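Thanks for coming, everyone. Please look at the structure on the screen, and I will walk you through it.

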Amino acid sequence: MIYDYAFVKKPNAFSIDMPVSIQVDYSLENFELDHLETFETEGRYVARYFGPSEEWYTIRADYIDNCVEITLDNEHSRYYSIEFKNHSALWVNMQDGTNVILWKEKNVSYMVYGSIELVDLLAVAESIITTH
C-alpha cells in the first residue's frame, strides 16, 4: 500500500524562491524512478521509485517556509529519535511495516519513506545531496 502522508500546502502560505537542487547518489538495485517533481517545476522535490515484489520508496523535500503540514498515523506507529550523517531525525515505523524518516536541513524538510527495510531507507537518505 502506498501512502502520500498528507503533505498539504496551507491556503495562505507564501512561496519563497530559493535555488535548491537535490541529487540522490544511491538507488536500490532493480528499482526504477516512476515519478519526479523538482523545485524548479513544482516548488518541491518528489522522487518515487518502484522495485520488484511491489516494493517502493519515495524521497520528498519541501521548503519549511511553504507551511507544509505532514500527517502521520499516530495510533499504531512507533516513533524513534535517530541520527545519521550529522542529522537528528525522526524514524516512524508504521503498523503496516512502512518506514518513514523525517529531518530538516537549513530551510528544507526531508521525508524518505517506503516499504523497504530501514537500513536501505537510511542509505537512500544519506545519499541525498542538497545544493543551496
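**A walk through the model**

Let me begin with charge. The structure holds 1 salt bridge. Keep in mind that this is a predicted model. Which side chains meet in that salt bridge? They are E37 and R44, at 2.6 Å from N to O. Side chains of opposite charge can pair when their charged atoms come close. Now look at the surroundings of each partner. E37 counts as buried, because its relative accessibility is 12% and the cut-off for buried is under 20%. R44 has a relative accessible area of 27%, so R44 is partly exposed.

Next, the overall layout. How many helices and strands does the protein have? There are 2 helices and 11 strands. Follow the sequence and you read β-β-β-α-β-β-β-β-β-β-β-α-β. The protein has 132 residues, and 43% of them are buried. About 7,700 Å² is exposed, with carbon and sulfur atoms supplying 47% of that area. Now take the contacts with a separation of 6 or more. Residues 24 or more positions apart account for 50% of those.

Now to the inside. The largest nonpolar core has 28 residues. Among those with the most contacts inside this core are I22, F39, Y57 and W103. Which elements give two or more residues to the core? On the strand side, they are β4 (44–50), β5 (56–63), β7 (78–84), β8 (87–93), β9 (99–105) and β10 (108–114). The helix α2 (118–126) is on that list too. In fact, α2 gives the largest share, 5 residues.

Take I22 as one example. Leaving out residues up to four places away in sequence, I22 touches F39, Y45, A61, Y110, I128, I129 and T130. Apart from the largest core lies another one, of 7 residues. Its members include W56, V92, M94 and Y113.

Back to α2. Which of its residues are buried? They are L118, L121, L122, V124 and A125. These residues sit on the same side of α2, because they cover an arc of only 160 degrees around the axis. Here is the background. An α-helix has 3.6 residues a turn, so residues three or four places apart point the same way. And what do the buried residues of α2 pack against? The answer is β5, β7, β8, β9, β10 and β11 (128–131).

Let me zoom in on L122, which lies in helix α2. L122 touches I82, F84 and I101, again not counting residues up to four places away in sequence. Compare its place with that of V100. The two are 22 residues apart in sequence, and their C-alpha atoms are 9.8 Å apart in space.

Last stop, the backbone. Two residues deserve a look here. N30 is not a glycine, yet it has a positive phi of about 70 degrees. N30 is found in the loop between β2 (21–24) and β3 (32–37). Is N30 buried or exposed? N30 is exposed, because its relative accessible area is 59% and exposed means over 50%.

Then there is K85, in the loop between β7 and β8. Phi of K85 is near 45 degrees, also a positive value in a residue other than glycine. With a relative accessible area of 43%, K85 is partly exposed.

That is the tour. Questions are welcome.

Note on methods: Residues are numbered from 1 along each chain as its sequence is written. This is a predicted model: local features need pLDDT of at least 70, side-chain atom pairs count only at pLDDT 80 or more; totals for chains, interfaces and linings use all residues. Side-chain values use heavy atoms; hydrogens and water are left out. A nonpolar core is a set of buried Ala, Val, Leu, Ile, Met, Phe, Trp, Tyr and Cys residues joined through side-chain atoms within 4.5 Å. Buried means under 20% relative accessible area, exposed over 50%, partly exposed in between (1.4 Å probe, protein chains only). Helices (H or I, at least four residues) and strands (E, at least two) are DSSP runs, numbered from the N terminus. Contact means heavy atoms within 4.5 Å. A salt bridge is a side-chain nitrogen of Lys or Arg within 4 Å of a carboxyl oxygen of Asp or Glu. Accessible areas come from the Shrake-Rupley method with a 1.4 Å probe; for residues, only the protein chains shown count as cover. The arc is that of the directions from the helix axis to the C-beta atoms.
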